[in-house]
Amino acid sequence: MKRDIILSGVGGQGILSIATVIGWAALKENLYLKQAEVHGMSRRGGDVQSNLRLGTGPIFSDLVPKGECDLIISLEPMEALRYLPWLSPEGWVVTNTTPFVNIPNYPPIGEVMAELGQVPNLITLDCDSIAKEVRSPRSANMVLLGASARVLGILEPDNLKAGIEAVFARKGETVVQANISAFNAGFEESGKFSK
Amino acid sequence: MEEKLLLLGDEALALGALHAGLSGVYAYPGTPSTEITEYIQAHPLTKERGIHSDWCTNEKTAMEAALGMSYAGKRALVCMKHVGMNVCADAFVNSAITGANGGLVIAACDDPSQHSSQNEQDSRFYADFAMMPCFEPSSQQEAYDMVRGAFDYSEANHIPVLMRLTTRMAHSRAVVRTVGSAGSLTGIRPQNKMHFPPEELARFWVTLPGISRQRVKILSEQQDQFLHDSELSGRNPFTDGPNHEMGIVACGIAWNYLMENYPDGCPYPVLKVTRYPFPKGLLRQMAATCKTIMVVEEGQPLIEERLRGLLYTEAEGASGVKVKGRLDGTLPRNGELNPDILREALGMEVRQVFPEAARTVPRPPSLCQGCGHRDFYTALNAVLAKYEGARVFGDIGCYTLGYMPPFHAIHSCVEMGASLTMAIGAADSGVWPSVGVIGDSTFTHSGMTGLLDAVNSKADITLCISDNLTTGMTGGQDSAGTGKLEAICEAIGVEKEHIRTIVPLPRNYPEMERVIEEEINYHGVSVVICRRECIQTAKRHAK
């Protein structure tokens, strides 16, 4: 069994925290894992992605081949579109609907969402608003992780929550709880989409 | 006691070095190598053992300090990005002449596809050129294991060893099994005690031609032994396959991309190369039974070129073995590899289903909102709009992004320190105003000597140091010149009244513009230091 995931977003949105939590849970479940990250120049407001590969057997490439990705998790809708060539026919896209507009030529958001609509297995949610609703405005990334948990298919949601506790522990119990609430809210919201 | 950790390739190398009895890491930050030193700085063993881990001013000072530590018998690691190899090349190449006493390992992180670099030079050529062994791990576990082997080999053979990583290895995480855990020192090697080079080797540390000529001869003679060791090391494993129509040589992480396409095993014979000098004998064996050899290298075609020569010489051009790779178009000439590129080269179809989306546009990196470089460029542009023919020579750092809209503020960026020296040459050619723009860390890295040139030749230039009190582009490491820039400029000989300091904020635009204009109108060397803390490090400090 293996799961290939692409995490995407804009530098500073918090995709590496999502990757860290998934990595923690994978280690706990004794899975093989490779996780390619983007550091350096492209972080500054540029598009960022992380390739995450989990499996019960050894993994060779750090990068996901085209047409093989089981799940695109994106903190930004246009950034989800960018990785469609990597998505497998049965793959899922779970994306935040709030656009991050830091370029003058950002396409009309309606057209971006329409193009995403061609993906048969799609979960869209406004992570920023949901995070605010549960009073964790800085945890939109954990809302997204919660929403992805249902279709991740290889990690137990409880282990992801344990991962959040471990990863955010040094920031204190309030931050941990804010992130757990965000995760739960995202998980619940994703239940509205059929699997 | 064994421990399982999830580590970046950089971190695996760092931990391997710590567990191999490291006494000092010497480095200048540079993507994708920065995390090696940062991991060592944060590790408890570093404090416990008093391991040196402060950042160096540049890669040359780092390489030389590490060589000094090796001379004193201790194990030292030098880390840098690939272009840092150019900065320390003199020390690096000559460290093969002096040889190593304590184990000396140089970790160079290459950046194929230039994710954060101005070129994609391949550091394996440096090892080849310096006649040094080179290790190139294909996994995080190998990075951890091989660095210890590199230190042992360096010490046993009195030769520095180059460890080469590429971006994907440096910045990808995987589970690594270690020999020692945080709480126990079992399996962790003790540090070396100080000891000087043995008598028969001590003279080679003085590279007078009469002495180093002997040493160059010895080094040349050692090559056969390095090759022999490389072939028998187990780090260049050969796996036979049923189909001898083709043999494949796969180096470092290129091997991963190859095997990704053959989950049940590769039908062709495969020679995996993770240690150099590259195993010529094994390549010859492959050439004897395969009609075609495909060489898959992450980087420039080092083995591919050599292999063409090897086969030609041995069979007078009539070996009949075809060599495929980056040079004949089987693989792209430039850029990093991936599983899909290999797939196509192997004649398999890429499995893409969804086409590229129509509604995506590039999202290039940009200067952060609120960054002091932005305010500096706004003021500089306002002033230079008054001068026809003004040219601005930029440098390496976040502020290189000043080339991008809306600023379009610089006309060049070449390598660390080239801003002010290019400004000198341009001024000598009649360009006026000739302005250099450099960051604080880049200035101390490679700008100070150029400033001395400017002072000595009374060049008509204005140097703007955009000082954000950190090495920003690589994530905010200590900057060697913090708090010392005015003193440095004055000591180099810039007149005190032409060393001006301004604070880049929108409310200061009138003053900033006045100061910049005054110094441009001064026909001599002037320095404008534009100082405000990087907003990223300021945010961290506020927490």
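How many residues does helix α5 of chain A have, and what span from first C-alpha to last is expected for it? The model you have open is a predicted one, and this helix makes a handy way in. α5(A) covers residues 140-152, which gives it 13 residues. From its first C-alpha to its last it reaches 18 Å, close to the 18 Å expected at 1.5 Å a residue.

Now look at what surrounds that helix. α5(A) is mostly covered, with 11 of its 13 residues buried. Among the buried ones are A140(A), N141(A), M142(A) and V143(A) at the start of the helix, and L152(A) at its end. In general, an α-helix has 3.6 residues a turn, so residues three or four places apart point the same way. Just past the helix comes G153(A), which has a positive phi, near 70°.

N141(A) also leads us to a glycine in another part of the chain. Once neighbours within four places in sequence are set aside, G14(A) is in contact with L75(A) and N141(A). You'll find G14(A) in the loop between β1 (2-10) and α1 of chain A. Is this glycine buried or partly exposed? G14(A) has 19 C-beta neighbours inside 10 Å, and because a residue needs 20 or more to be called buried, it counts as partly exposed. As for G110(A), 96 residues away along the chain, its C-alpha atom is separated from that of G14(A) by 24 Å.

Let's zoom out to the whole of chain A. It has seven helices and six strands, and from the N terminus the elements run β-α-β-β-β-α-β-α-β-α-α-α-α. The radius of gyration is 15 Å, close to the 16 Å that the globule rule gives for 195 residues, so chain A is as compact as a globular protein of that length. Its C-alpha trace spans about 40 × 40 × 40 Å along the principal axes. Of the 195 residues, 56% count as buried. Take the contacts in chain A between residues at least 6 apart in sequence: 68% of them join residues at least 24 apart.

Chain A also has a partner. Where the chains meet, 41 residues of chain A are in contact with 41 residues of chain B. Which elements of chain A give two or more residues to that side? They are α1 (15-28), β2 (32-36), α2 (77-81), β5 (87-96) and α3 (109-116). The largest share, five residues, comes from β2(A). By class, the side of chain A that touches chain B divides into 19 nonpolar, 12 polar and 10 charged residues.

β2(A) does something else at this meeting point. It pairs with strand β7 of chain B (residues 172-178) in the antiparallel sense, over three bridges. If you want a spot to click on, K34(A) stands opposite A174(B) in β7(B).

That brings us over to chain B, which is divided into domain 1 (3-232), domain 2 (238-350) and domain 3 (372-542). The C-alpha centres of domain 1 and domain 3 of chain B lie 34 Å apart. The contact between these two domains takes 11 residues from domain 1 and 11 residues from domain 3. On the domain 1 side, the residues that touch domain 3 are five nonpolar and six polar, with no charged ones.

Chain B has some backbone details to check, too. A cis peptide bond joins P405(B) and P406(B), with omega about 5°, and P406(B) is found in the loop between β14 (391-393) and α17 (418-428) of chain B. The loop between β14 and α17 is also the place of H408(B), whose phi is near 45°, a positive value in a residue other than glycine. H408(B) is exposed, with 12 other C-beta atoms within 10 Å.

Another cis peptide bond joins W432(B) and P433(B), where omega is about -10°. P433(B) is found in the loop between α17 and β15 (434-439) of chain B.

One more stop is M131(B), in the loop between α7 (124-130) and β5 (134-135) of chain B. M131(B) is not a glycine, yet it has a positive phi of about 60°. It counts as partly exposed, with 17 C-beta neighbours inside 10 Å.

Technical notes. Residues numbered from 1 in each chain as written. Chains lettered and ligands numbered in written order. Predicted model: local features only at pLDDT ≥ 70, side-chain atom pairs only at ≥ 80, totals over all residues. Contact = placed C-beta atoms within 7 Å. Helix = DSSP H or I, 4+ residues; strand = E, 2+ residues; numbered from the N terminus. Nonpolar A, V, L, I, M, F, W, Y, C, P; charged D, E, K, R; others polar. Pairing = 2+ DSSP bridges. Domains from an automatic or database assignment. Rg over C-alpha atoms; globule rule 2.2 N^0.38 Å. Expected span 1.5 Å × (residues − 1).
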